[in-house]
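Morning, everyone. I have one structure to go through today, and I will keep it short. Please have the sequence and the model open while I talk.

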Amino acid sequence: MVFADLGDYLDTLRTKSMLRDVNVSVDPDLELTHILSEELRVGKKMTILFNKVRGSDIPAVGNIFSDWERMKMVLGDEPENIGNRLLGLVQVPSDTDSLISKGLQMMKELGGIKPKVSSSLGSSHTIMEKPELSRYPVCKTWPGDAGRFITLPVVVSRDPETGHRNVGMYRLQVFDDETLGMHWQIHKGGAEHYHDYLEKKKPMEVAVVLGTDPLTIFSAVAPLPNGLDEFSFAGLVSRKKMELAQGQTVDLQYPRNAEIVLEGIVDPTETRLEGPFGDHTGYYSLEEQFPVFHVKRVIEKKNPIYPTSIVGKLWHEDVIIGKAIERMFLPIIRFQVPEIIDMNTMEEAVFHNMVVVSIRKRYPGQAKKVMFALWGLGQLMFSKIIVVVDSDIDVHDRKQVIWAMSTRIDPQRDVFIVPGTVTDSLDHASQQFNYGSKMGIDATRKGQAEGFTRNWPEVMDVPEEIKDTVRKRWREYGL
Ligand SMILES: Cc1cc2nc3c(=O)[nH]c(=O)nc-3n(C[C@H](O)[C@H](O)[C@H](O)COP(=O)(O)O)c2cc1C
């Protein structure tokens, strides 16, 4: 199912009793976000539309992706099925007949890939007289936050050389009515473009969309390789071309169904302190220098809705987004690292801080080969700890994982540290900002070539016929 815009999604949730309206006045300063948080912790995980946010005439919506059911509605399928579909596009069959039917299938699949670009936003939207960010119900989530932060933006930029588009989700700190802190971390697509503009000493055009259909919001978070356009990705997932509007003051395109668009400029020579901000890790990300976004034009849909999200210590909707990404990209990761059976980016570890992978091990040293492959693969570069287990371990069963981690390793031989590597910008424990170390734990069974000269014992189990007998006679035992 493809939702026409954010309002269409919310209407659908309302008809399914998955949305609640809050019609009393709430404070965007700590109160609104704590309501969302409590609804996730002890409530029914409702999507909540706040119709009266103090200081603003614009409603705010939160908990858009608050459970798996909503995520499946947004994606139109199980994420892993979508991943398999995407993988199908790069796999070439060996015989001619299959090649022809594959070609036809691909034409169908690729129908949605190229977004349709038309004129600038017209009668459905209004150009505001001047930027006035204080009109929006932008929230402060945690008491130590430096101020109000836009937390669910879709940020569009263009590579100055190739013209390739990048769409990412990077929070924005509101400094005043027309100035925002742009928190694209150094490894991300937006930051890549920013550095190219810095080299060319040219101002960077940026468009920020606040509120669009939920699939496009999800696509901004998807860890696509640089150069692969997130709007095309959204079209691939939905099999429907995205409709884009031409920017008015910037040579960029963004979704026609945008609720609010901020067009403006990042001057690559200008930075300002951004943060602290209560982050996905459950800690405050400390203040650091980040680029500044100057808003030049604001375009609004009639009666726009402002989307927000909260992050913090478990459990928030970033958990659903993270799991959907893991499941969707697993088939493609398996294609690149074929011995991988399954993967669990652990939500308790803020996903990338601990990744468990099971492999079909055939040769010595294979666990390390897998770890290095993952550390070199897109945003898996942020994985602080990678644990590799054998194929008999279910990576989603913490008990099995801990059992393997504790019974199949000799720490001196099987735990190793990689110094001087990339770290996630949010990792406050690393030696330096963006730079630290990694840990690999090889919890697979070891062979002779790996220096293990003893006999590896068998895992204990009861014979199948005994299990069968006991199952059949269970009632007889009177238990
Ligand atoms: C709610 C939410 C907020 C996020 N905020 C940021 C942020 O402030 N900075 C950042 O670099 N990544 C942030 N991310 C993660 C990026 O959106 C994600 O890494 C994405 O793949 C980046 O896109 P890119 O690969 O095109 O750069 C956030 C993700 C979510 C779900």
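**Aromatic pairs, ligand shell and a few single residues**

I start with a cluster: Tyr170, Trp184 and Tyr194 together make up one aromatic cluster. Before going further, a caution: what you see is a predicted model.

One of those three residues comes up again at the ligand. Around the ligand there are 19 residues, and Tyr170 is among the closest, along with His183, Gly189, Val221 and Gln379. How does that shell divide into nonpolar, polar and charged residues? The split is 8 nonpolar, 8 polar and 3 charged.

Now the contacts made by ligand oxygen atoms. At methionine 169, a polar backbone atom is 2.8 Å from an oxygen atom of the ligand. At glutamine 185 there is again a polar backbone atom, here 3.1 Å from a ligand oxygen. With glutamate 230 the side chain is involved: one of its N or O atoms is 3.2 Å from an oxygen atom of the ligand.

How much of the ligand does the protein bury? Taken alone, the ligand exposes 630 Å², and the protein buries 92% of that. Two elements each give two or more residues to the shell: strand 8, residues 165-168, and helix 7, residues 214-221. Of the elements, strand 8 gives the most, with 3 residues.

Back to the aromatics, this time over the whole structure. A search of the full model finds 10 aromatic pairs. Take phenylalanine 3 and tyrosine 9: the ring centres are 5.0 Å apart and the planes are at 65°, so this pair counts as edge-to-face. The cut-off for that label is an angle over 60 degrees. Both phenylalanine 3 and tyrosine 9 are buried.

A second pair is phenylalanine 149 with phenylalanine 277, and this one is tilted, at 4.6 Å centre to centre and 55° between the planes. Why does this pair tie together parts that are 128 residues apart in sequence? Because phenylalanine 149 sits in strand 6, residues 149-150, while phenylalanine 277 sits in strand 15, residues 277-278. As for burial, phenylalanine 149 has a relative accessibility of 1%, so this residue counts as buried. Phenylalanine 277 is buried too, with a relative accessible area of 4%.

Rings also meet charged side chains here. Lysine 45 lies over the face of tryptophan 315, 4.8 Å from the ring centre. Arginine 272 does likewise over the face of phenylalanine 175, at 3.8 Å from the ring centre.

Another arginine deserves a slide of its own. Arginine 327 belongs to helix 9, which covers residues 318-336. Is arginine 327 buried or exposed? Its relative accessibility is 13%, so arginine 327 counts as buried; the limit for that is under 20%. Its side chain has a partner, the side chain of aspartate 342, through a polar contact of 2.9 Å.

The last residue is alanine 60, in strand 3, residues 60-62. Alanine 60 has 0% relative accessibility and therefore counts as buried. How far is the C-alpha atom of alanine 60 from that of methionine 106? The two C-alpha atoms are separated by 39 Å, with the two positions 46 residues apart along the chain counted as their spacing.

To close, one point to keep in view while you turn the model: the protein buries 92% of the area that the ligand exposes when taken alone.

Notes. Residues are numbered from 1 along each chain as its sequence is written. This is a predicted model: local features need pLDDT of at least 70, side-chain atom pairs count only at pLDDT 80 or more; totals for chains, interfaces and linings use all residues. Side-chain values use heavy atoms; hydrogens and water are left out. Rings of Phe, Tyr and Trp (its six-membered ring) pair if their centres lie within 6.5 Å; planes under 30 degrees apart count as stacked, over 60 as edge-to-face and the rest as tilted. Buried means under 20% relative accessible area, exposed over 50%, partly exposed in between (1.4 Å probe, protein chains only). Helices (H or I, at least four residues) and strands (E, at least two) are DSSP runs, numbered from the N terminus. A charge sits over a ring if NZ of Lys or CZ of Arg is within 6 Å of the ring centre and within 35 degrees of the ring normal. A residue is near a molecule or strand if one of its heavy atoms lies within 4 Å of it. A polar contact is a pair of N or O atoms within 3.5 Å; within protein, one must be able to donate a hydrogen and the other to accept it, and residues adjacent in sequence count only if both atoms are side-chain atoms. Accessible areas come from the Shrake-Rupley method with a 1.4 Å probe; for residues, only the protein chains shown count as cover. Ala, Val, Leu, Ile, Met, Phe, Trp, Tyr, Cys and Pro count as nonpolar, Asp, Glu, Lys and Arg as charged, and the others, Gly among them, as polar.
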